[in-house]
Amino acid sequence: MRFWTYTLTTGSVTISQVDGAMFVSVQCDTTTSSCSVVGNIPFKGLQPNAVTLNTGQGINISALSPISPLDGITITQLSGTIDILIGF
């Protein structure tokens with residue numbers, strides 16, 4: 001597995017199926033930071049809404065098979081710095 005690492009200080013990063021990402025880890029820094037993570041498909045008739053991660057919080061998401069890589073995940077920096085690691 002290979003990895004891309006990045007510190008997001010502004011804007012957003014979107015992961016699409018064509019990127020081939022198998023794993024993503026998002027971590028808010030330990031001072032004053034926050035970010036949102038949102039998917040792109042409805043579930044049981046409910047539209048997705050962003051989940052906010054705050055100072056020191058993080059999330060890890062992985063795909064089960066290379067046939068079905070991660071898709072439709074947008075990470076948006078709201079404040080501070082956000083560390084992102086994506087595995088391929």
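Me: Why is isoleucine 84 called buried?
Reply: In this predicted model, isoleucine 84 has a relative accessible area of 3%. Buried means under 20%, so at 3% isoleucine 84 is buried. The residue is found in strand β8, residues 82-87.

Me: What makes up the surroundings of isoleucine 84, leaving out residues up to four places away in sequence?
Reply: Isoleucine 84 touches Trp4, Thr5, Tyr6, Leu8, Val13, Val24, Ser25 and Ile75. Contact here means heavy atoms within 4.5 Å. Leucine 46, by comparison, is 38 residues from isoleucine 84 in sequence and 27 Å from it in space, C-alpha to C-alpha.

Me: What makes β1 and β6 edge strands?
Reply: Four strands form an open sheet in the order β1-β8-β3-β6, with antiparallel pairing. β1 (3-8) and β6 each have a single partner strand, so one side of each is left without a neighbour in the sheet. The twist from one strand to the next averages 10 degrees.

Me: How do you know that β3 and β6 count as paired?
Reply: Two strands pair if there are at least two bridges between them. Strand β3 (residues 23-28) and β6 have five bridges, in the antiparallel sense, so the criterion of at least two is met. One position to look at is glutamine 27, which stands opposite glycine 58 in β6.

Me: Which strands make up the open sheet that contains β7, and in what order?
Reply: That open sheet has four strands in the order β2-β7-β4-β5, and the pairing is antiparallel. Its edge strands are β2 and β5 (51-54), each of which pairs on one side only. The average twist is 20 degrees from one strand to the next.

Me: How many bridges support the pairing of β2 with β7, and of β4 with β5?
Reply: Four bridges join β2 to strand β7 (residues 73-79), and the two run antiparallel. Four bridges also join strand β4 (residues 34-38) to β5, again antiparallel. The cut-off is at least two bridges, so both count as pairs. Within these pairs, isoleucine 75 in β7 is the bridge partner of valine 13, and serine 36 stands opposite threonine 52 in β5.

Me: Which residues of β2 lie on its covered face, and which on the uncovered one?
Reply: In strand β2 (residues 12-15), Val13 and Ile15 form the covered face, while Ser12 and Thr14 form the uncovered one. In a regular strand the side chains alternate between the two faces of the sheet. Val13 is also among the residues that isoleucine 84 touches.

Me: Why is the sulfur pair of cysteine 28 and cysteine 35 not called a disulfide?
Reply: The sulfur of cysteine 28 is 3.8 Å from its closest cysteine sulfur, in cysteine 35, which is too far for a bond. The cut-off is within 2.5 Å, so 3.8 Å does not qualify. A search of the whole structure finds zero disulfides.

Me: Are these two cysteines buried or exposed?
Reply: Cysteine 28 has 1% relative accessibility and cysteine 35 has 0%. Both values are under 20%, so both residues count as buried.

Me: Why does serine 34 count as buried?
Reply: Serine 34 has 11% relative accessibility, and 11% is under the limit of 20%, so the label buried applies. Serine 34 lies in strand β4. Its contacts outside the four nearest places in sequence include Cys28, Thr52, Leu53, Thr76 and Ile82.

Me: Why is leucine 64 called exposed?
Reply: Leucine 64 has a relative accessible area of 88%. Exposed means over 50%, so 88% earns the label. The residue sits in the loop between β6 (58-62) and β7. Phenylalanine 23 is 41 residues from leucine 64 in sequence and 9.3 Å from it in space, C-alpha to C-alpha.

Me: How do you know that the radius of gyration agrees with a compact globule?
Reply: For 88 residues a compact globule would have a radius of gyration near 12 Å, and the protein has 13 Å, which agrees. Along the principal axes, the C-alpha trace spans about 40 × 35 × 20 Å. Of the 88 residues, 32% count as buried.

Me: What is the secondary structure of the protein?
Reply: The protein has zero helices and eight strands. Among contacts with a separation of 6 or more, 79% are between residues 24 or more positions apart.

Methods. Residues are numbered from 1 along each chain as its sequence is written. This is a predicted model: local features need pLDDT of at least 70, side-chain atom pairs count only at pLDDT 80 or more; totals for chains, interfaces and linings use all residues. Side-chain values use heavy atoms; hydrogens and water are left out. Buried means under 20% relative accessible area, exposed over 50%, partly exposed in between (1.4 Å probe, protein chains only). Axes are lines fitted to C-alpha atoms, for helices over the stretch in contact, and angles run from 0 to 180 degrees between N-to-C directions. The radius of gyration is taken over C-alpha atoms; the globule rule is 2.2 Å times the number of residues to the power 0.38.
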